[in-house]
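Student: I would like a close look at a single part of this model, with its surroundings described carefully.

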Amino acid sequence: MSALPAENDPMLQRVRRIRERDYLFVDTLQGYYGTFVKSMETPYQEWRAMSYEEVKQMRELKRKARNHTIMGAAAIIGGIAAAGSGAGSARAAGQVGIAGGGYLIKSGFDRRSDAKMHIEALQELGDSMEAEVEPQIVELEDRTVTLTGSVENQYRQWRELLKEIYEAETGPLETSI
């Protein structure tokens, strides 16, 4: 048979203090995390909107490039067929078809180059998003910490900070070998 410990049991009082400290710790971390998330929201939303537009434009340019290349190849093939016929006007139309097809193919290549510029713009947007979130200043009860570097580095620093706070509250973490 088991019984509940007495209210004045030292072990029960210690467990309750640890539990209260743990609740306080979780509440504090949620506040820190909420502040960190709020500071990143605006740059992230701006990045999403701008990258969406870049992706739309890139896809449209790729579609136009493909269509121009296909139409240009068809015009060249039709022009070659017409140029090989016996009639003078058909040969002239064939030459025009070949020239027009060449222009369309060149236009397709130009549009592919424009699409590559949008890919580069997407990369720049990603880089600028990282630049906008640095540095982050985190106000703690006992100190102020500045997180620096890329988003990935700041997140790693944040995790280390949370680990330090946790270990200060509960004791060092045990690591398995």
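Student: In which helix is serine 51 found?

Tutor: This is a predicted model, in which local features need pLDDT of at least 70 and side-chain atom pairs count only at pLDDT 80 or more, while totals for chains, interfaces and linings use all residues. Residues are numbered from 1 along each chain as its sequence is written, and side-chain values use heavy atoms, with hydrogens and water left out. Serine 51 lies in helix 1, which covers residues 10-83; helices here are DSSP runs of H or I with at least four residues, strands are runs of E with at least two, and both are numbered from the N terminus. Because its relative accessibility is 10%, serine 51 counts as buried, a term that means under 20% relative accessible area, with exposed meaning over 50% and partly exposed in between (1.4 Å probe, protein chains only). The side chain of serine 51 also reaches the backbone oxygen of arginine 48, at 3.1 Å.

Helix 1 belongs to a protein chain with three helices and two strands, arranged along the sequence as α-α-β-β-α. Of the 177 residues in this chain, 21% count as buried. The largest nonpolar core (a set of buried Ala, Val, Leu, Ile, Met, Phe, Trp, Tyr and Cys residues joined through side-chain atoms within 4.5 Å) has eleven residues, among them Tyr32, Phe36, Met40 and Trp158. At least two residues of this core come from each of helix 1, strand 2 (144-147) and helix 3 (151-170), and helix 3 gives the largest share, with four residues.

Technical notes:
Polar contact = N/O pair within 3.5 Å; in protein donor to acceptor, adjacent residues only side chain to side chain.
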